[in-house]
Amino acid sequence: MSVLQLLLYVLFLTVLLAWSATGHVAVRADLTHVDSARGFTKRDLLRRMAARTRARVDKRWSPPRPRPGGGGNDTGVTASVSREGDNLYSEYLIHLSIGTPQPQRVALTLDTGSDLIWTQCGCRSCFHQPFPALDASASSTLRNYSCFDPLCAWGGLALSGCTVNDNQCFYVHSNGDNSGFTSGKISEDTFTFQANGKAVAVMPSLRFGCGMYNTGNFKSNESGVAGFGRGPMSLPSQLKALKFSYCFTSIVESGNSPVFLGSFGNLDAQATGPLQSTRFARGPSEGPNSSLYYLSLKGVTVGNRRLPFDASTFALRADGSGGTVIDSSTAITTFPRAVFRTLREEFVSQVSLSVANVSTGDADSMLCFSISPDQNVTAVPKLILHLEGADWELPRESYVLRVDGDRLCVVINSAGDSGMTTVIGNFQQQNMHMAYDLGSNKLSFVPARCDKL
């Protein structure tokens, strides 16, 4: 047997073993936090998270703004792209490779708030990334789609058309506020998934955006975005994975996080608390928010008091505004202004510490308390999110962060003027195994030691 034949045989076995008896994929891959092992202090990490969260909420979750010349929001595939300032979407990066015979590295933000998979590729105008952009010409399995292919016309792309010289499908996806875009050719190629630094599964013929023109201000370690939304172009949809899960390690740790596609792994493994489940709520039937994961949030408790807001405060409205979304690419959980201010007041009344100077004067600022460097603060009010069928009591480290020894911060944000949507961010999801069961339309979650999975 020749070396080439041996390689092809190993490739075949890897693909075969990645599929279960039911024909669905079962893949594990590595995630890392975008700021992992970059030397940031806790104060730096909190500042960066807060800035990214505010920017993403302002742009992604604000009420729709009318476009010049009229017209509503784009429908179909949603794609995350960067806006001005720090990168809005770099939170947890999924590490994989694209192409054959020599797979090329990509690092894509895991984004449950979008559908399209895209990476910088064949660059004509691209942002800086710390490793080479995908070279499409170096892959023997890459195929571009014709603009006459049904995918190009009816695949849910917001804007697509023909390239002039070769009739290939060319996509353009802009932000809702037109502040940035990604565009290029719709391609397909073989994806190699990695766990613990090794190739663990090879999946052929996955479609993605080969982003040749990408604007924005990415400032970290990623080359694009892996959409995990409900739309047909997302990674779970293409893999026919009715289940996926992730378990985010803490932002102050430097270890990898696992993501599972087609299975949940073992939800009992490394669990540190009870497993709970809640049903996904109905979202918009069309438009850019139709691929999001909505939850039924019934209320919030701080310490010994349930806040005076009922389920209608957190519910989706008839005009498509409001609602409660769980989002992997928003760092910090964000509440509508009235809810945040009441929550903030409750923490102030129940914590016997002085409010730090940085938190005074603005009722919408993140709440921090002053402490002495040698002070051991043990009494912090519990924080519970009352979901349909589940009371999610957040571990202390998922909403409280001691910053540089002299400040204790409640890591929750106000939406300010950005609307009525409640967004459950990834800081609150850290060290929690989050399992999305799309077949049964439910979200399960269990506290876990994610670095041990």
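Here a colleague and a modeller talk through the sheet, cores, disulfides and aromatic pairs of a predicted model.

Colleague: Happy to look at this with you. What makes S19, S23 and S22 an open sheet?

Modeller: The three strands come in the order S19-S23-S22, with antiparallel pairing. At the edges are strand S19 (367-370) and strand S22 (400-403), and each of these pairs on one side only. From one strand to the next the twist averages 25°.

Colleague: How do you know that S22 and strand S23 are paired?

Modeller: Pairing needs at least two bridges between the strands, and 4 bridges join S22 to strand S23 (residues 407-410). As an example, Val403 has Arg407 in S23 as its bridge partner.

Colleague: Which helices sit against these strands?

Modeller: Helix H2 (residues 42-60) packs on the sheet and touches S22 and S23, its direction making about 130° with that of S22. Helix H5 (residues 337-350) lies across S19 and S23 and runs at about 15° to S19.

Colleague: On to the interior. Which residues have the most contacts inside the largest nonpolar core?

Modeller: They are Ile94, Phe193, Phe335 and Phe347, in a core of 84 residues. Strand S9 (residues 198-214) gives the most to this core, with 5 residues. Leaving aside residues up to four places away in sequence, Phe347 touches Val302, Leu367, Phe369, Val380, Pro381, Leu383, Tyr399 and Val410. Apart from that core lies another of 13 residues, with Leu116, Tyr145, Tyr171 and Ile186 among them.

Colleague: Now the cysteines. Why are Cys147 and Cys162 said to form a disulfide?

Modeller: Their sulfur atoms are 1.8 Å apart, and the cut-off is within 2.5 Å, so the pair qualifies. The link has 85° about the S-S bond and is right-handed. Cys147 is in the loop between strand S5 (143-144) and helix H3 (150-154), while Cys162 is in strand S6 (residues 160-162), 15 residues apart.

Colleague: Why is Cys147 called buried, and what is Cys162 called?

Modeller: Buried means under 20% relative accessible area, and Cys147 has 10%, so the word fits. Cys162 has 43%, which falls between the 20% and 50% limits, so Cys162 is partly exposed.

Colleague: What makes the disulfide of Cys152 and Cys169 right-handed?

Modeller: The torsion about its S-S bond is about 90°, so this disulfide is right-handed. Because Cys152 lies in helix H3 and Cys169 in strand S7 (residues 169-174), the pair ties together parts that are 17 residues apart in sequence. The two sulfur atoms are 2.2 Å apart, and both Cys152 and Cys169 are buried.

Colleague: And why is the disulfide of Cys247 and Cys450 given a handedness of left or right?

Modeller: The sign of the torsion tells us: about -70° about the S-S bond, so this disulfide is left-handed. Cys247 in strand S11 (residues 243-247) and Cys450 in the segment after strand S27 (442-447) are 203 residues apart. Relative accessibility is 0% for Cys247 and 1% for Cys450; with the limit at under 20%, both count as buried.

Colleague: How many disulfides does a search of the whole structure find?

Modeller: The search finds 6. With bonded cysteines counted along the chain, the pattern is 1-8, 2-3, 4-6, 5-7, 9-12, 10-11.

Colleague: Last topic, the rings. Why is the pair of Phe244 and Tyr436 called stacked or tilted?

Modeller: The ring centres are 4.5 Å apart and the planes stand at 15°. Pairing asks for centres within 6.5 Å, and planes under 30 degrees apart count as stacked, so this pair is stacked. Phe244 lies in strand S11 and Tyr436 in strand S26 (residues 432-437), so parts 192 residues apart in sequence are tied together. Phe244 and Tyr436 are buried.

Colleague: What makes Phe280 and Tyr293 a tilted pair?

Modeller: Their planes are 45° apart, with 5.5 Å from centre to centre. That angle is neither under 30 degrees nor over 60, so the pair is tilted. At 5% relative accessibility Phe280 counts as buried, and at 0% so does Tyr293.

Colleague: Which residues form one aromatic cluster?

Modeller: Tyr92, Phe228, Phe244, Tyr246, Phe248, Phe280, Tyr293 and Tyr436 do.

Definitions and conventions. Residues are numbered from 1 along each chain as its sequence is written. This is a predicted model: local features need pLDDT of at least 70, side-chain atom pairs count only at pLDDT 80 or more; totals for chains, interfaces and linings use all residues. Side-chain values use heavy atoms; hydrogens and water are left out. Helices (H or I, at least four residues) and strands (E, at least two) are DSSP runs, numbered from the N terminus. Axes are lines fitted to C-alpha atoms, for helices over the stretch in contact, and angles run from 0 to 180 degrees between N-to-C directions. Contact means heavy atoms within 4.5 Å. A nonpolar core is a set of buried Ala, Val, Leu, Ile, Met, Phe, Trp, Tyr and Cys residues joined through side-chain atoms within 4.5 Å. Buried means under 20% relative accessible area, exposed over 50%, partly exposed in between (1.4 Å probe, protein chains only). Rings of Phe, Tyr and Trp (its six-membered ring) pair if their centres lie within 6.5 Å; planes under 30 degrees apart count as stacked, over 60 as edge-to-face and the rest as tilted.
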